[in-house]
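Subject: Handing over the two-chain model

Hi there,

Here is the structure I promised to pass on to you. My notes follow below it, so please have it open while you read.

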Amino acid sequence: MRAKRFIPLVAFAVLAGLLFRGLSIDPTELPAARLGQPFPEFAQLELKSGRQISVASLAKRPALVNVWATWCYSCRVEHPYLLALAEQGVPIYGLNYKDEPVKAREWLAQLGDPYQLNVVDEEGSVGLDLGVYGAPETYVLNAAGHIAHRHVGVLDEAVFQRDFSRWFPAAASVAAVGSEAEQ
Amino acid sequence: MKIALKALISATICGQLWLASFALAVIETYVFSSPDLELRYHQLSQELRCPKCQNQNIADSNAPIARDLRVVLHEQLEQGATDDEILAFMVARYGEFVRYRPGVDRNTVLLWAAPGLLLMLGAAGLLSHFRQRPSARSTDVTEAEQAEITRLLGEPRD
């Protein structure tokens with residue numbers, strides 16, 4: 001009968017443990033539904049050249065797909081880092097998400113252009129097929145053209161080293177040296 | 001009279017609150033080719049979760065992504081897609097997360113089973129509680145006690 005007294009205590013301990021674990025879970029971090037799948041088909045215009053591009057325009061080698069827009073403040077924050085990555089040889093494709101092409105071209109002219117090409121997605125339809133729910137988002141395409149990783153939010157050195165560098169071993173070491181040189 | 005008035009007032013308040021709950025939904029105009037499609041639109045838009053704002057369905061959310069999903073939902077309904085096809089389309093892009101009633105899989109099986117398990121746990125608890133305590137609640141009295149009870153109850157009050 002004595003053991004029975006401890007039932008509430010045990011129940012409390014279990015519940016407290018679960019709730020404590022819950023504190024360290026980030027509810028905004030959603031699993032990307034498209035992981036492991038090929039980049040969705042699209043037929044859109046390229047931002048600068050105005051030519052028709054499709055998924056075949058993306059080269060079959062590890063690359064980043066960066067979802068950005070001129071209305072997105074965080075995109076401005078991460079822009080210099082994208083320029084640094086491009087300089088180190090990381091191929092970056094842009095998805096200009098629900099933006100005005102005129103403004104987007106101005107932005108690239110003013111701030112520099114880290115992108116190999118930019119998919120114009122004024123309606124957000126490519127973004128929808130990709131499962132984008134805001135900007136910035138950055139995806140990794142592996143050599144097979146499949147989506148290997150998604151990052152929601154600003155891409156910076158810490159995030160790149162932690163989650164992205166394994167697809168870009170050459171750039172990773174250069175990036176590390178680059179950031180040391182800056183300090 | 002007073003009671004009737006009170007009831008009338010509370011009924012009015014309840015009615016207004018009920019109406020206000022509809023006002024929460026985003027106001028947009030979609031034209032549906034049939035009332036049936038409109039009904040399904042309302043059902044599905046309340047069952048689909050906004051990926052950006054997380055604790056709102058796409059009917060209530062003002063987020064741009066929720067608006068996009070409503071547009072897609074309307075399009076697909078008009079094109080004759082079934083509910084299952086629409087849900088599959090959404091899940092393919094945003095994962096099971098996008099459904100407020102996710103399908104049963106490895107991640108959600110506990111979620112689906114929990115109410116049943118908790119109910120059984122509660123039932124088992126109640127059962128053992130009442131089985132262990134019949135003697136404590138015994139109303140057996142000795143003959144002497146019964147006589148005393150009768151005497152006390154039988155005493156005239158004055």
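Let me begin with chain B: of its contacts between residues at least 6 apart in sequence, 46% join residues at least 24 apart. Please keep in mind throughout that this is a predicted model.

Chain B has 6 helices and 0 strands, so from the N terminus on its elements simply read α-α-α-α-α-α. Of the 158 residues in chain B, 14% are buried.

The helix I looked at in chain B is α3, residues 64-78. At 1.5 Å a residue, its 15 residues should span 21 Å, and the end C-alpha atoms of α3(B) are indeed 21 Å apart, which agrees. Its buried residues are B:Ile65, B:Ala66, B:Leu69, B:Arg70, B:Leu73 and B:Leu77. Looking down the axis of α3(B), you will find these buried residues within an arc of 145 degrees, so they line one face of the helix. What do they pack against? The buried residues of α3(B) meet α2 (35-47) and α4 (83-94) of chain B. After α3(B) comes B:Gly80, which has a positive phi, near 90 degrees.

The two chains also touch. Chain A gives 11 residues to the contact and chain B gives 13 residues. On the chain A side, the residues that touch chain B divide into 6 nonpolar, 3 polar and 2 charged.

Now to the sheet in chain A. It is an open sheet of 5 strands in the order β5-β4-β3-β6-β7, with mixed pairing. At its edges are β5 (117-121) and β7 (147-152) of chain A, each of which pairs on one side only. From one strand to the next, the twist averages 20 degrees. As you know, strands of a sheet pair through backbone hydrogen bonds, either parallel or antiparallel.

The parallel sense appears between strand β4 (residues 92-97) of chain A and β5(A), which pair over 5 bridges. There, A:Tyr97 has A:Asp121 in β5(A) as its bridge partner.

Strand β6 (residues 137-141) of chain A deserves a look of its own. How many of its residues are buried? The count is 5 of 5, so to speak a mostly covered strand. Both faces of β6(A) are covered: on one side A:Glu137, A:Tyr139 and A:Leu141 are buried, and on the other A:Thr138 and A:Val140. Strand β3 (residues 63-68) of chain A runs antiparallel to β6(A) and is joined to it by 5 bridges. In that pairing, A:Asn66 has A:Thr138 as its bridge partner in β6(A). The strands β6(A) and β7(A) are antiparallel as well, again with 5 bridges, and here A:Thr138 stands opposite A:His151 in β7(A). These two strands, β6(A) and β7(A), form a hairpin with 5 residues between them. In the turn, A:Gly145 has a positive phi of about 80 degrees.

One last residue, A:Gln52, sits in strand β2 (residues 52-54) of chain A. Is A:Gln52 buried or exposed? With 10 other C-beta atoms within 10 Å, A:Gln52 is exposed, because a residue with 12 or fewer counts as such. Leaving aside residues up to four places away in sequence, A:Gln52 touches A:Ala43 and A:Leu45. A:Gln52 and A:Val119 are 67 residues apart in sequence, and their C-alpha atoms are 9.3 Å apart in space.

Best wishes

Key: Residues are numbered from 1 along each chain as its sequence is written. Chains are lettered from A and ligands numbered from 1 in the order in which they are written. This is a predicted model: local features need pLDDT of at least 70, side-chain atom pairs count only at pLDDT 80 or more; totals for chains, interfaces and linings use all residues. Helices (H or I, at least four residues) and strands (E, at least two) are DSSP runs, numbered from the N terminus. The expected span of a helix is 1.5 Å times one less than its number of residues. A residue is buried if 20 or more other C-beta atoms lie within 10 Å of its own, exposed if 12 or fewer, and partly exposed in between; C-beta atoms are placed from the backbone. The arc is that of the directions from the helix axis to the C-beta atoms. Two residues are in contact if their C-beta atoms, placed from the backbone, lie within 7 Å. Ala, Val, Leu, Ile, Met, Phe, Trp, Tyr, Cys and Pro count as nonpolar, Asp, Glu, Lys and Arg as charged, and the others, Gly among them, as polar. Two strands pair if DSSP finds at least two bridges between them. Axes are lines fitted to C-alpha atoms, for helices over the stretch in contact, and angles run from 0 to 180 degrees between N-to-C directions.
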